[in-house]
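Okay, thanks everyone, I'll keep this short. Let me put the structure up, and then we can talk about the empty space inside and the overall build of one chain.

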Amino acid sequence: MTTVVKAPGEAAAEKKRASATGQPAGKRKSGSDGMVLNVFSHGFLAVWGILIVLPLIWLVLGSFKTDVQIGESALSWPANWHFDAFPRAWNKGIGSYFANTLIVMVFSVPLTMLLGSMAAYVLARYPFRGNRPIYYFFVSGAMFPVFLALVPLFFMVKRLDMLNTYQGLVLVYVAYSMPFTVFFMHSFFRTLPTAVHEAAVIDGASHTRIFFQVMLPMAKPGLISVGIFNVLGQWNQYILPSVLMQPQTGSDPERYMLTQGLIQLQYQMGYETDLPVLFAGVTIAMIPMLVVYLSFQRQIQAGLTSATLK
Amino acid sequence: MSHVVNSKGRGGFIAGFLILPLALYLTFVIWPYVQTFGYSFTNWTGQSPTFDFVGLDNYSALLKDEVFRGALLHNLLLLVFVPTVTILIALFFAFMLNAGGRSGAGGVQGVAGSALYKVIYFFPQVLSLAILAVLFGAVYRSDEGGLLNGFLTKLGLVDPAHPIEWLNEPNFVLWCLLLVVVWHGVGFYLVLFSAAMQSVPKDIYEAALLDGAGRAQTFFKVTLPLLWDSVQTSAVYLGIAAMDMFVLVSTMTSGQFGGGPDHHSEVMATVLMRNFLYFGKAGYACAMGVVMLVLTLILSAITLRATRREHVEF
């Protein structure tokens, strides 16, 4: 697939380096062995890259085709570039699903971060009776599958009269994001230096003030990591909204989240045989993630890996 | 809330900061978890407010439930294959990225453009499973409009009159879903392993190279042992994902909450949801939730034990 040709200057430079290490024979051998391996690895890596990108591009192209063209052959290029599937998808509900997801997350993410950090901070830096049990109590929630809670959770939210409401889903998202947020921020707050805290105390700052004006700003890198984790987790959540966000009466409006709405659109377009609309809907849902990912890919990769390894 | 002096108002501060997070967590997470155990011993339908205590009836019914047993088997199959396949591919690519380059005086190097590869591979991770479900639903379409069938037809491997019904073929459906999970996961675990590999000091590799170790030897004798912690964590995460599978199965396969054709792709989560929201057997569904919990805990414990090795400090 990709062939790598060594530039003559580069090869000479390598030879010079090899002789400089005083091991020309051994180096030359591993060098040529590395050459073969290099072509080999680029080949494999490129194939996997294509396997990732190709289906995505294919799907996006589908939103410019007609339904007939999609059904006839997968390998066709859009005959005439139709853009009308995008406004149709937006009006079929993608627009409102988008808005619903944003409304929930505008409240759920900051609330998760605030409440999670508050609990983690107190548990990390204030020794008191019952500290450890409460910490383990918080963290243990991450070990249980969400399916364990699903049935009673549904009836709990129903009893609070919060089925198919934004505030209900916000509270549930915050609660289910708590174990991981507390776990991660706890380890983060522990690493912050005590000297700054002591200085603030001497200056007469209250506990609350120290938290908001000293500790929280210092914990910014940790907050960003957990923030990314929570944003992706809540944006992509499917099981909780599909149980909790269903219209309760005939007049109750749909408040589907984007993930739920896409699946809804899939069923609908299966009946109406309008696949370009479905593909356009998925494309619209994918674009913000692609933009956010490409702009913050370093932080996202680092955030998610550190969040997993901690 | 509190005032100036350190010791004063400390208790109030602690309580004030804990009360809201704890209350939310107790109400929506812990209490439902606890209730599930209670409901699993009842014949509650979820509709009527009354129900009877039926002891272990739900659990013995579960043992006889062919659909649930099939689902359990599928989860176990996925549990073996999802982590193994994903981790092997991710390790392979991580090693390629970090050590597949030409050897120079600095020892083994990563391939050129490894940053670009990582950006591309990781992208599926930020897409929701719902998007993946729609995407791969289209890829696996059972006519020439599906990417796979269209491609295979062009190559002449598939007769256009009889394209492969990927998701309706009892023997294929589970493996088709497995491929989606692997496609989704490899990039993330590759970046994870890659980060772990880069935290290994370079001089360890150099020492191995000076001792005349080849690349394969370096990988198995040096890299892998140093990565063992990350591999173990990944196995647990992937195992938990394999116990779930709800989104993909319920949206990509046929049947109420998926599981088709004829229960060949059924997993415990889809059986649970069908019993709860479709058949109205809330108590029975709770018993399934408990079984899922017990299995998840056993399996994480086994993974952690089986993969326990001596720690290498560096």
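Before the cavities, one bit of bookkeeping: I'm counting Ala, Val, Leu, Ile, Met, Phe, Trp, Tyr, Cys and Pro as nonpolar, Asp, Glu, Lys and Arg as charged, and the others, Gly among them, as polar. And keep in mind that this is a predicted model.

So, cavities. The count comes to three of 30 Å³ or more, and the largest has a volume of about 40 Å³. What lines the largest cavity? Well, the lining is made up of A:Thr101, A:Val104, A:Met105, A:Tyr173, A:Gln234, A:Trp235, A:Gln237, A:Met257, A:Leu258 and A:Thr259. In chain A, the elements giving two or more residues to that lining are helix H4 (85-125), helix H10 (220-235) and helix H12 (258-272). H4(A) gives the most, with three residues. By class, the lining splits into six nonpolar, four polar and no charged residues.

Okay, over to chain B. There are twelve helices and zero strands in chain B. Its radius of gyration is 25 Å, well over the 20 Å that the globule rule gives for 314 residues, so chain B is more spread out than a compact globule. Along the principal axes, the C-alpha atoms of chain B fill a box of roughly 80 × 75 × 35 Å.

How much of chain B is buried? Of its 314 residues, 55% count as buried. As for contacts in chain B between residues at least 6 apart in sequence, 63% join residues at least 24 apart. Last one: the accessible surface of chain B is about 13,700 Å², and 65% of that belongs to carbon and sulfur atoms.

How values were computed. Residues numbered from 1 in each chain as written. Chains lettered and ligands numbered in written order. Predicted model: local features only at pLDDT ≥ 70, side-chain atom pairs only at ≥ 80, totals over all residues. Heavy atoms only, no water. 1 Å grid on protein atoms, 1.4 Å probe; cavity = no way out; pocket = protein on both sides within 12 Å on 5 of 7 lines; lining within 4 Å. Points joined across faces, edges and corners; volume = space filled by probe spheres on them. Helix = DSSP H or I, 4+ residues; strand = E, 2+ residues; numbered from the N terminus. Rg over C-alpha atoms; globule rule 2.2 N^0.38 Å. Buried < 20%, exposed > 50% of the residue type's maximum accessible area, 1.4 Å probe, protein only. Contact = heavy atoms within 4.5 Å. Areas by Shrake-Rupley, 256 points an atom, 1.4 Å probe, with all protein chains shown as cover.
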